[in-house]
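I opened a fresh page for this chain and jotted things down as I looked them up. The entries follow the order of my own curiosity.

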Amino acid sequence: PVPTISWRKVNGHNPSKARLRKSQAVLEIPNVQLEDAGMYECKAENSRGRNVFRGQLQVYTYPHWVEKLNDTQLDSGDQLRWECKATGKPRPTYRWLKNGVPLWPQSRIEMVNGVLMIHSVNLSDAGMYQCLAENKYGTIYASAELKILASAPIFPLNQRRKTIIITKGQEVVIECKPQASPKPTITWKKGDKVLRESKR
């Protein structure tokens, strides 16, 4: 006699969007997602007995960005840490380009699992960087620019007062905040003598 057919997802529930056609002989899953993957079982039975067929549904996806890069400005001597993160199945692997040329690990440059680190950046590190995430179904790109700030110390006009008048016994504050990159070292002198810290 014509068998009765039923479907089930082994170790899980049938997707709620799944539908059956042709006297339940055909299982359709529209808009397949990663969570629909798994082992499916079709059971056919009549008065003479039953038979079971199992099939594995594997779902693969194009890489998709979870975390991209942002343009960054750093002082010369700082550390750069960029991370790009993508999902996909198979899990994407990552590559880096600088100004369109492949970037390789060096003494100051580390690349691990989508993380790029450059220690003690300098002007030669400035440029346009790209992170590539790829699996066998495709490649996606994320881009960002690295700018390195480097300038000799400059004192703002409001710090260039030549004379400070103060009443004896009061406290005086003299600011020394130059604009510079990288951060400058600062020393103080009174006349030609280097100032030393004291209780006052």
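**Entry 1: overall numbers**

How much accessible surface does the chain have, and what share of it belongs to carbon and sulfur atoms? I get about 15,100 Å² of accessible surface, with 50% belonging to carbon and sulfur atoms. Note to self: this is a predicted model.

Next I checked the dimensions. The C-alpha trace spans about 115 × 45 × 25 Å along the principal axes of the chain. The radius of gyration is 33 Å, where a compact globule of 200 residues would come in near 16 Å. Buried residues account for 24% of the 200 residues.

Secondary structure was a quick lookup: I find 19 strands and 0 helices. For contact range, I took contacts between residues at least 6 apart in sequence, and 53% of those join residues at least 24 apart.

Charges: I have 32 positive side chains and 18 negative ones. The centres of the two sets lie 2 Å apart.

**Entry 2: the core**

Which residues have the most contacts inside the largest nonpolar core? They are W65, L69, L80, W82, W96 and L116, in a core of 21 residues. The elements giving two or more residues to this core are β8 (80–83), β13 (115–118), β14 (127–135) and β15 (138–149). Of the elements, β15 gives the most, with 5 residues.

I then pulled the contact list of W65, skipping its neighbours within four places in sequence. W65 is in contact with C84, K85 and A86, then Y94, then C131 and A133, and also with I140, Y141 and A142.

C84 turned up there, and I followed it. C84 is in the loop between β8 and β9. Is C84 buried or exposed? C84 counts as buried because its relative accessible area is 0%, and the cut-off for buried is under 20%. Leaving out residues up to four places away, C84 touches W65, E67, L69, Y94, W96, G114 and C131. I also took a C-alpha distance from C84 to L116: 8.6 Å in space, with their positions 32 residues apart in sequence.

**Entry 3: backbone oddities**

A reminder before the list: most residues other than glycine have a negative phi, and most peptide bonds are trans.

Where is the cis peptide bond I noted? It joins K89 and P90, with omega about 0°. P90 is in the loop between β9 (85–89) and β10 (93–98).

Then two positive phi values. N11 has phi near 55°, and it is a residue other than glycine. N11 is placed in the loop between β1 (4–9) and β2 (19–21). With a relative accessible area of 79%, N11 is exposed.

S120 is also a residue other than glycine, with phi near 50°. S120 is in the loop between β13 and β14. Why does S120 count as partly exposed? Its relative accessibility is 41%, so it falls between the buried cut-off of 20% and the exposed one of 50%.

**Entry 4: a few lysines**

K136 first. I found K136 in the loop between β14 and β15, and it is exposed at 64% relative accessible area. How many residues apart in sequence are K136 and R91? The answer is 45, and their C-alpha atoms are 9.6 Å apart in space.

K162 next. K162 is in the loop between β16 (151–154) and β17 (179–181). Its relative accessible area of 84% makes K162 exposed. I took the C-alpha distance from K162 to R54 and got 89 Å, for a pair 108 residues apart in sequence.

K189 last. K189 is in strand β18 (residues 189–190). Why does K189 count as exposed? Its relative accessibility is 53%, and the cut-off for exposed is over 50%. Setting aside residues up to four places away in sequence, K189 touches V194 and L195. From K189 to A133 I get 55 Å between C-alpha atoms, with the two residues 56 apart along the chain. A133 is also on the contact list of W65.

Terms used. Residues numbered from 1 in each chain as written. Predicted model: local features only at pLDDT ≥ 70, side-chain atom pairs only at ≥ 80, totals over all residues. Heavy atoms only, no water. Core = buried A, V, L, I, M, F, W, Y, C linked by side-chain atoms within 4.5 Å. Buried < 20%, exposed > 50% of the residue type's maximum accessible area, 1.4 Å probe, protein only. Helix = DSSP H or I, 4+ residues; strand = E, 2+ residues; numbered from the N terminus. Contact = heavy atoms within 4.5 Å. Rg over C-alpha atoms; globule rule 2.2 N^0.38 Å. Areas by Shrake-Rupley, 256 points an atom, 1.4 Å probe, with all protein chains shown as cover. Lys, Arg positive; Asp, Glu negative; His and termini not counted. Charge placed at Lys NZ, Arg CZ, Asp CG, Glu CD.
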